[in-house]
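Biologist: I'm new to this one. Can you put it up and walk me through some helix contacts?

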Amino acid sequence: MTYLGQVYAILWKDLLLELRTRERVAAMGAFAVLAGILFNFSIDQTAVRPQDIAAGLIWMTLVFGGLLGVGRTFHLEAQDGAFQGVLTSPTPKDAVFLGKTAANFVLLYVVALLVVAVFALFFGLRLGTHPGMVALALALGSLGFVALGTLFSAVSSNTHMGETLLPILVFPLLVPMVIYGVSATARLLADRPIAEVAGNLRMLGAFAVLAVAVGAVLFRYVVEE
Amino acid sequence: MPSKRLQTTGTVLAVLGALGTVALHWMVFFWTPTEATMGVIQRIFYIHVPSAWVAFFAFGVVALCSAVYLWLGDERLDQAASSAAEGGMVFTTIVLLTGPLWGRIAWGTYWTWEPRLTLTLLLWFIYLGYFLVRASTDNPERGKRFSAVVGIAGALDIPLIHLSVVWFRSLHPTPVVMKPEGPTLHPDMLVTLMVGLLSFTLLFLGLFLHRYTLAAATHLVAVRERRAQA
Amino acid sequence: MPSTAPRRSDPSSVEALRTPGPDRPGDAVPALSARGLSKEFGVVLAVDGIDLELQAGDFLTIFGPNGAGKTSLLSLLAGRLKPTRGHVWVRGQPLRPGETVWRSRIGILSHQSFLYADLTVEENLRFFGRLFGLRDLDERVPRRLEQVGLLDRADFRVRQLSHGLRQRAALSRALLHDPELVLLDEPYTGLDPHAASVLRGVLSSLKDGRRTVVMVTHNLTQGLELASRVAIQVRGRFGWEGCRDDVDLDTFERFYHGVVENGAA
């Protein structure tokens, strides 16, 4: 079977497991809604228009909530040594990484869209004339995020500190994603012309590609015993 | 056994660096001219900038040694990386202490999100991650590999972080623009800066070599102890 | 008392092996061989310079107390661990972490099942089958399940299976890709007598002359049942190694304890 077949097998298995256990998607989804509720109480809507700060709120909710889900990437793998079965198979380690990252991406992107929908509902947001571009920005940002998150989740799962170590390892590296992602989203929500957003999307894309490449190369050293 | 020569070289470099640092302080306080716009407080620049140079140079060493360590698996490369990381973190802390001090006295605020200082703050956390991951892993070999991954990922991301932070700053300029170099650099100031750069680099290299030989020796002792028990 | 001379693990004693080595022209390439295999964890030396040579059809049982390094040795042979020193060859091909071809020749059964509790037995097998690049899963999976007596429980989630049934499922996973080298780590652990006899039945069917099996156990009776070769591992080394036929069943237990206490026969 081809390399892609192996990646797909892992992607499919992770999504199937998530469907069965609903572990992570429930946690992330609940987080999204509850965060929206808390934000409502933490913003003085007479002083600040939610439309103006929505981009930042959406991305930060995505980062914090996403970390919850990504942090448990290897949780089910640890049960009964299942991951050992994967690592001793002929599947290359980078294929394993890509499969897991792809699965995390699907989960996170669903949650991202949920966050936007929830916040649009709670704060009466207008998504601007190019909602598809907003979706694209979220997709590129999510991809970079899950790539780094999957790599370092494999690291943190093997330490005492576990998931509490993950923000420390990942947040500094996420700065470019936050900067370009929020900027692109804010401009789109404010109905700025697409030309102003193109550069940000390119940088988001570059970040995503770099994150996936670095993760694919370094993953084998992380899972090695 | 790490050669005696390394240790001696380390001592020589450290002493030279220390002497240079003393000379630097003399120059900073007594010789170099006062900068026109910012006044006396600007002199902290001669500590601040060389520290920043060493902080990032050290991280480059960390990343390079980490990459080759993962490739070749030679223990000594990891010892070099972790030794450089220790020195690097110290100098990063110096940057983060001198920067806000300068800002507070010169402009009244401790922190202004100046791009380079922001990058240094993030670098400090990457260093923190490097050490935390080593310390909290049961299997020491895996811990070394983990920290190598942190070093490499960090080094690859830093240029991107820098780009993004500078870009962000260009959109949201704060009223006070901190230009570490000042509008122009008088030749005497340049000399002082060079002395600072050289001394701090020598000091770092000396400390690095000493730390490295210590790490190598510690490892050898542990290995020999284990062999004696068997 | 077994009559084979005690064997130290060093390269010069290779000549004393009864099975031919690759240095003798005209002989078959060994199914599994290792030279000077060592593994250090930090400063702990788990495996200390082990040499090994097995032909196709051999069934090696490795006995040893806890902490002798048996699981580490098996992990090294499986390519799960990178050796600190030494090498492993599977049918003449060196085991290198980067290369993956040889992994399709090895099947591993551990006391952990290597299965996902929330997937069904069949889903698990199909998943691993795809990782191994197997194409004929539609007929291969039911065949393996039938071999271990789990065909009627193929759509049970692994979580719902008892330990004995889970081990059988794990066995079917381990053998799914028809490996020529089978590595078993304490497979009888926690099995009731019926489950143990099913396992024994499947394992004896592996002795078909072309497959090589290495089993690690601390149960002397079960370990000797199917073995063609026997080794006793103590503190990372083989304290003794020899042919099963040379082992006197009645005195083996005493002999074993002697080796463990002294570190050698």
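Modeller: In α8(A), Leu169(A), Leu173(A), Val175(A), Pro176(A), Ile179(A) and Tyr180(A) meet residues of α5(B), among them Val150(B), Ala153(B), Leu160(B) and Phe168(B). Contact means C-beta atoms, placed from the backbone, within 7 Å; helices are DSSP runs (H or I, at least four residues), numbered from the N terminus. This is a predicted model: local features need pLDDT of at least 70 and side-chain atom pairs 80 or more, while totals for chains, interfaces and linings use all residues. Residues are numbered from 1 along each chain as written, and chains are lettered from A in the order written.

Biologist: How do the residues of the contact of α8(A) with α5(B) divide?

Modeller: Into 12 nonpolar, 2 polar and 1 charged. Ala, Val, Leu, Ile, Met, Phe, Trp, Tyr, Cys and Pro count as nonpolar, Asp, Glu, Lys and Arg as charged, and the others, Gly among them, as polar.

Biologist: And at what angle do α8(A) and α5(B) pack?

Modeller: About 35 degrees, with the axes 9 Å apart. Axes are lines fitted to C-alpha atoms over the stretch in contact, and angles run from 0 to 180 degrees between N-to-C directions.

Biologist: How many residues does the contact take from each chain?

Modeller: It takes 21 residues from chain A and 25 from chain B. On the side of chain B, α5(B) gives the largest share, 15 residues.

Biologist: Now chain A alone. At what angle do α7 and α9 of chain A cross?

Modeller: Roughly 20 degrees, and their axes come within 8 Å. That is why α7(A) counts as roughly parallel to α9(A) (angles under 35 degrees).

Definitions and conventions:
Helix = DSSP H or I, 4+ residues; strand = E, 2+ residues; numbered from the N terminus. Contact = placed C-beta atoms within 7 Å. Parallel < 35°, antiparallel > 145°, perpendicular 65-115°, else oblique.
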